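Work through the exercises below with the sequence and the model open side by side. Try each task before you read its solution.

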Amino acid sequence: MILNHHYWIFKNELSPHICDEIVRYAEQKNFEKGIVGGSVEEVKKIQDTDDYKHKLKQIRSSNIVWLPEQWVHNEIIPFVNTANRNAGWDFDLVTFETLQFSRYDVGHFYDWHPDQSAKLYEDEKKKNMTRKLSVSVILNDEFSGGDLQFRQQIDTINNPDKDTTIMTCKERGKGTVIVFPSFLWHRVTPVTKGVRNSLVMWNIGYKFK
């Protein structure tokens, strides 16, 4: 799929009050280490193995909290719908997954990865669905580094010799909402100063046809 827009940005459009409320709400919960390579249930089966610990160390370093509360979803959903329409993706979306609050301290990062798995969901509530649109919300300004970057999809038919390029989201102020297809490879570069607070949401639907 060749994309005219790799991501859609709403700069500083989530109110500072809501951003602060989300941070305060998350801080009341118990943080855990971010995971890689599958659902929480899948990771629990392998998280104590040396192979998984090595993979996690290489790919991700951040602390997370799950936010299942509906009011948080309600603040983000309008951005998803608008981006899906304005970017011309027009993906069929059915529902969304529990939001994840991520805290990146100095040195924390999340290396290259897509949010979409090669396998469709098998559990009853999400059977035959997959992640289609991802959302990243920047909740504060007081940090350096921590850039959200994408690997640009290349039209290999018309541009067979063009190398993959890296795109950096330069709009990153407090309340900035970035929506992008979940199959795109992306990363968060290491934080070099301060703390980066962000919110992630995945919107799912039945497999692409």
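## Confidence first

This is a predicted model. The protein averages a pLDDT of 89, and 86% of the residues score at least 70.

**Exercise 1.** Find the element where confidence is lowest and the element where confidence is highest.

*Solution.*
- Step 1. Confidence is lowest in helix 2, residues 40-44, with a mean of 59.
- Step 2. Confidence is highest in strand 12, residues 177-181, at 98.
- Step 3. Where pLDDT is low, the predicted coordinates should not be read in detail.

**Exercise 2.** Describe the protein as a whole: its elements, its buried share, its surface and the sequence range of its contacts.

*Solution.*
- Step 1. Count the elements: four helices and 15 strands.
- Step 2. Take burial: the protein has 209 residues, and 44% of them count as buried.
- Step 3. Take the surface: the accessible area is about 11,500 Å², and carbon and sulfur atoms hold 47% of this area.
- Step 4. Take the contacts between residues at least 6 apart in sequence: 86% of them join residues at least 24 apart.

## Two buried polar residues

**Exercise 3.** Place H186 in its element, decide whether H186 is buried or exposed, and list its side-chain polar partners.

*Solution.*
- Step 1. H186 belongs to strand 13, which covers residues 186-188.
- Step 2. The cut-off for buried is under 20% relative accessible area. H186 has 4% relative accessibility, so H186 counts as buried.
- Step 3. The side chains of H186 and D115 make a polar contact of 3.3 Å.
- Step 4. A polar atom of the H186 side chain also lies 2.9 Å from the backbone oxygen of L184.
- Step 5. Now look beyond the neighbours within four places in sequence. There H186 is in contact with D111, W112, H113, P114 and D115, and also with L148, Q149, F150 and F180.

**Exercise 4.** Do the same for Q100: which strand holds Q100, which side chain makes a polar contact with Q100, and which residues does Q100 touch?

*Solution.*
- Step 1. Q100 sits in strand 6, residues 99-104.
- Step 2. Q100 is buried, because its relative accessible area is 4%.
- Step 3. The side chain of R60 is joined to that of Q100 by a polar contact of 2.7 Å.
- Step 4. Leave out residues up to four places away in sequence. Q100 then touches R60, I64, V65 and W66, together with S198, L199, V200 and W202.

## Aromatic rings

**Exercise 5.** How many aromatic pairs does the structure hold? Classify the pair of F91 and F183, then the pair of F150 and F180.

*Solution.*
- Step 1. The structure holds 10 aromatic pairs.
- Step 2. In the pair of F91 and F183, the ring centres are 6.4 Å apart and the planes meet at 50°; this pair is tilted.
- Step 3. F91 lies in the loop between helix 4 (70-86) and strand 5 (95-96), while F183 lies in the loop between strand 12 and strand 13. The pair links distant parts of the chain, 92 residues apart.
- Step 4. F91 is buried at 8% relative accessible area, and F183 is buried at 17%.
- Step 5. The rings of F150 and F180 have centres 4.8 Å apart and planes at 70°, so this pair is edge-to-face.
- Step 6. F150 is in strand 10 (residues 148-151) and F180 is in strand 12, so the pair ties together parts 30 residues apart in sequence.
- Step 7. F150 counts as buried at 0% relative accessibility. F180 is buried as well, at 2%.
- Step 8. Ring pairs also link W89, F91, F183 and F208 into a cluster.

## Cysteines and backbone

**Exercise 6.** How many disulfides does the structure hold, and are C19 and C169 buried or exposed?

*Solution.*
- Step 1. A disulfide is a covalent bond between the sulfur atoms of two cysteines.
- Step 2. The structure holds zero disulfides.
- Step 3. C19 is buried, with a relative accessible area of 0%. C169 is buried too, at 2%.

**Exercise 7.** Inspect the phi angles of N12 and N128, then locate N12 and N128.

*Solution.*
- Step 1. N12 is not a glycine, yet its phi is positive, at about 55°.
- Step 2. N12 is in the loop between strand 1 (8-10) and helix 1 (16-27).
- Step 3. N128, also not a glycine, has a positive phi of about 65°.
- Step 4. N128 is in the loop between strand 7 (109-113) and strand 8 (129-138).
- Step 5. N12 counts as partly exposed at 39% relative accessibility. N128 counts as partly exposed at 39%.

Note on methods. Residues are numbered from 1 along each chain as its sequence is written. This is a predicted model: local features need pLDDT of at least 70, side-chain atom pairs count only at pLDDT 80 or more; totals for chains, interfaces and linings use all residues. Side-chain values use heavy atoms; hydrogens and water are left out. Buried means under 20% relative accessible area, exposed over 50%, partly exposed in between (1.4 Å probe, protein chains only). A polar contact is a pair of N or O atoms within 3.5 Å; within protein, one must be able to donate a hydrogen and the other to accept it, and residues adjacent in sequence count only if both atoms are side-chain atoms. Contact means heavy atoms within 4.5 Å. Accessible areas come from the Shrake-Rupley method with a 1.4 Å probe; for residues, only the protein chains shown count as cover. pLDDT is the predictor's confidence in each residue, from 0 to 100. A disulfide is a pair of cysteine sulfur atoms within 2.5 Å. Rings of Phe, Tyr and Trp (its six-membered ring) pair if their centres lie within 6.5 Å; planes under 30 degrees apart count as stacked, over 60 as edge-to-face and the rest as tilted.
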